[in-house]
Amino acid sequence: MTNAHTPALSLGPVYYLWDGPKWRDFYFRIADEAPVEHVTLGETVCSKRQHFTEPHIAEVVERLEAAGKKVTLSTLAMVTLERESRHVRDLIRDSAHPVEANDLSALGLIAGRAHSIGPLVNVYNAATARVLAARGANNICLPPELPMNSIEKIVASLPDLSFEVFAFGRMPLAISARCAHARSKGLTKDNCQFICGEEPDGLPLRTLDRQSFLVLNGVQTMSNSCVVLLGELQALSAAGIARVRLSPQDCDMVAVAAIYRAVLDGAMDDGEAIARLSDVYPGAVFSNGFYHQQEGAAWIARGRNAALGQG
Amino acid sequence: MELICPAGTPSAFREAVDAGADAVYCGFRDETNARNFPGLNFSRPELKDSIGYARKRGVQTFVALNTFMRAGHEQLWYEAADDAVALGADALILADFGLMAYVADKYPDQRLHVSVQASASNRDAIQFLVEAFGAKRVVLPRILTVQDIARLTRQIACEVEVFAFGGLCVMAEGRCSLSSYATGKSPNMNGVCSPASHVKYRRDGDTMVSELGAYTINRFGPDEASGYPTLCKGRFEIGETHGYAFEDPVSLDVVDHIDALREAGVSALKIEGRQRGKAYVAEVVSSLKKALSAEPAERSALVARLRAMSEGQRTTSGAYDKRWR
Amino acid sequence: MTLPPALVAPVDLAPLWLIERAARTIFSGVLRAHPDLFERLGEYRQTRYLFCPSDLPLNFLVVPAAKTVHVSRKAQRPVSDACIEGPLVLLLGLMEGRCDADALFFSRELSVTGDMEAMLALRNALDDSAIDLPDEIGSLAGPLAPLVAGAARYVRKRALEGRDATWS
């Protein structure tokens, strides 16, 4: 890429429930092999899952930092119980690492300290970004729903703030108090038996006409399609995006990171990169509709980028 | 407890006032509110007349500006706020931090209510909104139990309003891009969930098929009560089974919890339904008004007739009851 | 709640032009009396709306902008952008905002096809308009107005009585 400015790669938190060892080994490999500069981690979707990963967080953080990665800890996306409130408060009070706020409680508690804003906080315009920056946010991962023309306007309005774009992975589309994942298996949220752990890449939900549509991930509903912004990276760099986020799927994320790195460095064209990505994440359907101001599920092929990307 | 009632048109507004609303909420005819449907909502002169009508009868008017400002088009929202204040809105119902900051800064005396779309679901979140923007009331997301609400009201320096009757969002409000994933129109930015422009009803023999964008949302047998073509109330296939993955087509009805909500310290009950007709508004408002002052034993009978007008012709107490999860 | 056969039979025999003329007169009267309806419809004034009373052998095609009503026999359904089908009294009740369209739709008593945005715009515009059909019809009857309006009001009351029963 010819720009003076090349965005950094950032790995978002694992949204799925992976068992402790799988989760730990995933991050060990990221630490050892993945060309990412930033890693955000920690349970974000469901507080009931926290005990799976908590025993391993210390060793994972240590390994990542030893490998030179900058580590940020993610907060819960939805906080309703006293126990969850306490957890967010403790995390913000005790953390030696920067924190990524994913709900309003974290936003309130963290004011005055440097922090990140996650993609689950509604930042749709520069005025909102400015409010958050004034309270100490120094990196904002924009919601996956934002089209490029919004991204450009927000970034241009706050040139000194670091912005991040969700560029790979199934999109978090919704979150509920009710657990559709447990319900689909005849259970309820309160007695879920951690059934969502059975699907480490989400439970597919199809329409009655058998169209692939969404996947369930506990209380979170995600897109079936996997966002792939590769043909768009150049425009994002030019717009001044500081970080490109890869959201972990149950596939070889080291390979995914290598592909994105190669495209960012100008060592691989995006056509080849997309073809390789299909091998790395077999069976995945790609989408980039939100970026192009279409339905999120849409895939706008490269030839049309010039017309739509800036639209 | 106050009764906060919806109005999508000036006619519905008058019906709500006449039927006993303590406050009526409504929005402008554009993307600045979350019921941006064709033929619905208020022009500036209509809002002015409506506020006048309400005020003469001691009823308040809340103006919902509860979508998120699209980058580059913020002026639309700022002007809507300016006009709502100038026309005498008793409160603005806001979701976007940028817009809250604008209103708090420019109109420090204007009552600011936090929309359900902001998803303020706990004390620290609400404390943040009170401190940062001077919020006076928060409309709680429909993800809390009555017990959660009771605990919350004791912890915060802010009035609490909760949804009592009408459409039920299954997902945390303001945090759902399902509709926009299927249609490209965003509830948060464009103010419309399951936009009519992308809805199709198709007959397949005896079956009525509802579609949103390219996706089949439901198939209704000949005598089956139907619902809106919203994704979260659709029927889907998971593995080898199919059914309502998120929620049946039902409406929210917490009439049975009125006393518990009052004891929990709730200041106001809100009726959903700015997109419904004036006949519905009149019926629901007057029934709930009666229910509020009735003996608990009489309430069910008062609201039973409302169920026939509800989505799927059935109701649920939703997240207010822990078992719903 | 559906129309009795004794009422439907003459409709079957009456010449279309006569029905069309009556419908058109009522329709343009309504538009004249309710300019706000037209305004609220916005861009959907151009839409071809088809009303199919399920208990009448006729269809009514309405284009608000052209101020036209076109009546046809059931057998030949004209091309339209949006179509609504249901018992006549409900369609009329809907016009007056006396019935809740969503409730009727949920109960499957009404069915809608075609451009849903246009249908929604019409529903909302009608709902706001405070149309009173007996009044509108009465006002066309000149000196006989009170008599005609009164009769129409009586018919409406009887027709909608069934509705109230199902709500309570």
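In β11 of chain B, the bridge partner of A:Thr207 is B:Phe236. I start with that pair since it sits where two chains meet. The model is a predicted one, and I will go from this pairing to the chain contacts, then to chain B, then to chain C.

The pair belongs to a larger match. Strand β8 of chain A, residues 203–207, pairs with β11 of chain B in the antiparallel sense, over 3 bridges. As a reminder, strands of a sheet pair through backbone hydrogen bonds, and they can do so parallel or antiparallel.

Now the chain contacts. Which chains share the most contacts? Of the 2 pairs of chains that touch, chains A and B have the most contacts between them. Their contact takes 54 residues from chain B and 53 residues from chain A. On the chain B side, the elements that give two or more residues are α4 (97–106), α5 (123–133), α6 (146–155), α7 (178–183), α8 (187–190), β10 (215–220) and β11 (235–238). By class, that side of chain B divides into 26 nonpolar, 16 polar and 12 charged residues.

Chain C meets chain B as well, and here the contact takes 30 residues from chain C and 26 residues from chain B. In chain C, α3 (35–41), α5 (101–106), β5, α6 and α8 (145–167) each supply at least two residues to the side that touches chain B. Which element of chain C gives the most to that side? It is α6 of chain C, with 10 residues. The side of chain C that touches chain B has 15 nonpolar, 6 polar and 9 charged residues.

That leaves chains A and C. No contact joins chain A and chain C, and their closest C-alpha atoms lie 18 Å apart.

Next, helix packing inside chain B. Two packed helices are described by the angle between their axes and the distance between the axes. Take α10, residues 278–293, and α11, residues 296–307, both of chain B: their axes come within 9 Å and cross at roughly 170°. An angle over 145 degrees counts as roughly antiparallel, and α10 and α11 of chain B are therefore roughly antiparallel to each other. From α10 of chain B, the contact is made by B:Glu283, B:Val284, B:Ser287, B:Lys290 and B:Ala291, and from α11 of chain B by B:Arg299, B:Leu302, B:Val303 and B:Leu306. Those residues divide into 5 nonpolar, 1 polar and 3 charged.

Helix α10 of chain B has a second helix to talk about. Helix α1 of chain B, residues 10–18, packs with α10 of chain B at an angle of about 15°, with the axes 8 Å apart. That makes α1 of chain B roughly parallel to α10 of chain B. The crossing of these two helices is right-handed. B:Ser11, B:Ala12, B:Glu15 and B:Ala16 of α1 make this contact with B:Lys278, B:Val281, B:Ala282 and B:Val285 of α10. The residues here divide into 5 nonpolar, 1 polar and 2 charged.

Last, chain C itself. The secondary structure of chain C comes to 8 helices and 5 strands. Along the sequence, the pattern is α-α-α-β-β-β-β-α-α-β-α-α-α. Of its 168 residues, 36% count as buried.

In what order do the strands of the sheet lie? The order in this open sheet of 5 strands is β3-β2-β1-β4-β5 of chain C, with mixed pairing. Strands β3 (68–73) and β5 (111–114) of chain C stand at the edges, each with a single partner strand, so one side of each is left without a neighbour in the sheet. From one strand to the next, the twist averages 20°. At the β3 end, β2 of chain C, residues 58–63, runs antiparallel to β3 of chain C and is joined to it by 6 bridges. One of the bridge pairs puts C:Val63 with C:Thr68 of β3.

Helix α6 of chain C, residues 116–129, lies across β1 (49–53), β4 (82–86) and β5 of chain C, and runs at about 60° to β4 of chain C.

One more helix of chain C. Why is α4 of chain C described as largely enclosed by the rest of the structure? Of the 8 residues of α4 of chain C, residues 88–95, 7 are buried, so the helix is largely enclosed. The buried residues are C:Leu88, C:Val89, C:Leu90, C:Leu91, C:Gly93, C:Leu94 and C:Met95. After α4 of chain C comes C:Gly97, with a positive phi near 70°.

Notes: Residues numbered from 1 in each chain as written. Chains lettered and ligands numbered in written order. Predicted model: local features only at pLDDT ≥ 70, side-chain atom pairs only at ≥ 80, totals over all residues. Pairing = 2+ DSSP bridges. Helix = DSSP H or I, 4+ residues; strand = E, 2+ residues; numbered from the N terminus. Axes fitted to C-alpha atoms, helices over the stretch in contact; angles between N-to-C directions. Contact = placed C-beta atoms within 7 Å. Buried ≥ 20, exposed ≤ 12 C-beta atoms within 10 Å, placed from the backbone. Nonpolar A, V, L, I, M, F, W, Y, C, P; charged D, E, K, R; others polar. Parallel < 35°, antiparallel > 145°, perpendicular 65-115°, else oblique. Left-handed = near helix turned anticlockwise from the far one by under 90°.
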